[in-house]
Amino acid sequence: MDPISETKILTSNPSETQNLEQQRSTGSSWLLLVAAGAASLSGLMLGYEMGLTSGVLLQLRGLLRLSCREQELLVSSPLLGALLICLAGGPILDRYGRRCSLLLSAALVVGGSILLIAASSLIALTLGRVIVGMGTALSGTGACLYIAEISPRERRGLLVTLYELMLVVGVMLGFSCSYAFATLPHGWAYTFGLVIPPALLQISVLVFLPPSPRFLVTQGKVEQARTVLARMRGGVHEHVEKELLDIRTGIKEESEHSFWELFSTKANLRSRLLTGVILVFLQQATGQPNILSYASPLLRSVGFDSDAAATLASTGFGVVKVVGTIPAVLLVDSVGTKSFLCGGAVAMGMSLVALGTLTHQSHTNLTSLCKSHTTLNHTRAAWDSNETSADLGNGDIFSTDLPDQWSSEESQRTTRADDGVGESGGGSTYGGGSSLLKWASLISLLVYVAAFSISLGPMVYVVLSEIFPMGVRGRAVSVVSAVNWATNLLISMTFLTITEKIGVANVMFLYAAMSFVLLVFVIFCVPETKGRTLEEISKELAKK
């Protein structure tokens, strides 16, 4: 007997029907949780790759004698891959579905990580990072859409922000693992390789999960969509049919949208696209990517006297991101995205102003952001040292042979153990500033990271998954994601160069100004979507 017929028969017995619906609700909740959890592994992988960057950079910049430009290339290479995949991601998401896109992205992560582990040159490392960036970017876009489309309205915000929770857990793990493996020979390779198990786990779970019901309806597979909805919602006939009718009505009205209509006034698509583009631009322009990617060098510059101490301190960023994201996940459906965004923008701006003031008072020496103090001393001893710190900018990016120190356990240990105090070649790391200023700078950074994690981090994903019509949602989110990654790429590729020109303090003040621009934009331009279905949100936005 099919679930719908069984429900009709049992309606004559209210208590028995209620018990059945409770059992089904429990089963469907588990299926929904498993599906959302598997998709959210994409956030774990993306966060891990973000978190490992700064610690691995400290290991590799000394071994490869990387210049500022080469460090920017190594940091930004995953962003280049993300930008490339976003240009083709829309058609992939809309034609093959969110679930298949997640399977493809996990395979890219595995392939790129294997290349990184086997890398023997900077160019191989860069190529591997590009492939991993392609995988994590496509995975992130597909995961948010998949979760939003399988979730009931009362749980959609909670489940979409589960992605961000997994992302910040990944950031914490990335920081922790890069520190844990810092003393091992080829410790960077172990750090790169640890993203493979969650990618394989995601593949093994996704092959047993259904596509989203909204995607099935767009493909004309209405009966399959009904079956999936029945499994996800507990099989209650009235609920399933009502939601399916809403989906079909919404898609029928939106199915005639072409890609170029995203830039037209039809259904107010141009304004909706512009809202998403500006929101993700401001998400990057407030500085969060650079704070994470260059966390260890930045902390080294404000007074932490060794690479190990800076890497360990940066691990606190990951912990704070996890703690800050939990309230967002639990309260998003009751508080709403707009309130979180406004509060977070204010806290970010204030903490950045404080950080800029502190770094200005401490006279932070910007050269410490680019150059490895401990490796500088080590290379003097190893190569009889007529090379100065200026020579580090002349490394050959296309070299296929790494220096002998690549496999030297002594070099790896020196990078972590040397106290790095008062190196003459790298400049003063803190300009003689007090310990109080050092810890105040760290606290300001932690407040900034926490404010981002409770607001801009998770809430942008929720807004993007809600404001676009179903018929063009995949393409629209891909356009927005392309802008997101392009902005991230531009900022990350120029961070060290701009810091060298205007100083750390002025960069922090610039990020603070962008935080207050974000506040104004959210107040006047971002819609409140709390407690509404995707179809209701789309209809309202089409009228404005």
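Which residues have the most contacts inside the largest nonpolar core? In this predicted model, they are Leu 125, Leu 279, Ile 291, Phe 317, Phe 468, Trp 485 and Met 508, and the core to which they belong has 138 residues. The largest share of this core, 14 residues, is contributed by helix α3.

## The chain as a whole

The protein chain is built with 23 helices and zero strands. Of its 544 residues, 59% are buried. When contacts with a separation of 6 or more are considered, 84% of them join residues that lie 24 or more positions apart in the protein chain.

One residue of the core, Phe 468, can be followed to its neighbours: leaving aside residues up to four places away in sequence, Phe 468 touches Arg 272 and Leu 273, and also Arg 473, Ala 476, Val 477 and Val 480.

## Helix packing from α3 to α5, and α20

Two packed helices are described by the angle between their axes and the distance between the axes. Helix α3, which spans residues 68-117, and helix α4, which spans residues 122-150, have axes that come within 5 Å and cross at roughly 35°. The residues that form the contact of α3 with α4 comprise 27 nonpolar, 15 polar and five charged.

Helix α4 also packs with α5, and here the axes come within 9 Å and cross at roughly 160°. Because of that angle, α4 is roughly antiparallel to α5. The crossing of α4 and α5 is right-handed, and the contact of α4 with α5 consists of seven nonpolar residues, one polar residue and one charged residue. On the α4 side, Gly 140, Ala 143, Cys 144, Ile 147 and Ala 148 take part, and they meet Arg 156, Leu 159, Val 160 and Tyr 163 in α5.

Helix α5 (residues 153-180) has a further partner in helix α20 (residues 456-464), with which it packs at an angle of about 135°, the axes being 9 Å apart. With that angle, α5 is therefore oblique to α20. The crossing in which α5 passes α20 is right-handed, and by class the contact of α5 with α20 has six nonpolar, three polar and one charged residues. From α5, the residues Gly 157, Val 160, Thr 161, Tyr 163, Glu 164 and Leu 167 meet Gly 457, Pro 458, Tyr 461 and Val 462 of α20. Val 160 and Tyr 163 of α5 are named among the residues that meet α4, and they are also named among those that meet α20.

## Individual residues and their distant partners

The following table gives C-alpha to C-alpha separations for pairs of residues that are distant in sequence.

| Residue | Partner | Separation along the chain | C-alpha distance |
|---|---|---|---|
| Gly 324 | Leu 165 | 159 residues | 9.1 Å |
| Met 348 | Val 449 | 101 residues | 7.9 Å |
| Lys 266 | Lys 543 | 277 residues | 9.8 Å |
| Ala 285 | Ser 515 | 230 residues | 8.2 Å |

Gly 324 belongs to helix α14, which covers residues 307-335. With a relative accessible area of 10%, Gly 324 is buried, and, not counting residues up to four places away in sequence, Gly 324 touches Ser 453 and Ile 454.

Met 348 is placed in helix α15, which covers residues 337-362. Its relative accessible area is 0%, so Met 348 is buried. Beyond residues up to four places away in sequence, the contacts of Met 348 are with Thr 286, Tyr 448, Ala 451, Phe 452, Ser 455, Leu 456 and Ser 515.

Ala 285 has its place in helix α11. Ala 285 is likewise buried, with a relative accessible area of 9%, and, again setting aside residues up to four places away in sequence, Ala 285 touches Ile 491, Tyr 511 and Met 514. Ser 515, which is 8.2 Å from Ala 285 between C-alpha atoms, is also one of the residues that Met 348 touches.

Is Lys 266 buried or partly exposed? Lys 266 is partly exposed, because its relative accessible area is 36%, a value to be read against the limits of under 20% for buried and over 50% for exposed. Lys 266 is located in the loop between α10 (237-254) and α11 (269-285).

Technical notes:
Residues are numbered from 1 along each chain as its sequence is written. This is a predicted model: local features need pLDDT of at least 70, side-chain atom pairs count only at pLDDT 80 or more; totals for chains, interfaces and linings use all residues. Side-chain values use heavy atoms; hydrogens and water are left out. Axes are lines fitted to C-alpha atoms, for helices over the stretch in contact, and angles run from 0 to 180 degrees between N-to-C directions. Helices (H or I, at least four residues) and strands (E, at least two) are DSSP runs, numbered from the N terminus. Ala, Val, Leu, Ile, Met, Phe, Trp, Tyr, Cys and Pro count as nonpolar, Asp, Glu, Lys and Arg as charged, and the others, Gly among them, as polar. Angles under 35 degrees count as roughly parallel, over 145 as roughly antiparallel, 65 to 115 as roughly perpendicular and the rest as oblique. A crossing is left-handed if the near helix is turned anticlockwise from the far one by less than a right angle, and right-handed if clockwise. Contact means heavy atoms within 4.5 Å. A nonpolar core is a set of buried Ala, Val, Leu, Ile, Met, Phe, Trp, Tyr and Cys residues joined through side-chain atoms within 4.5 Å. Buried means under 20% relative accessible area, exposed over 50%, partly exposed in between (1.4 Å probe, protein chains only).
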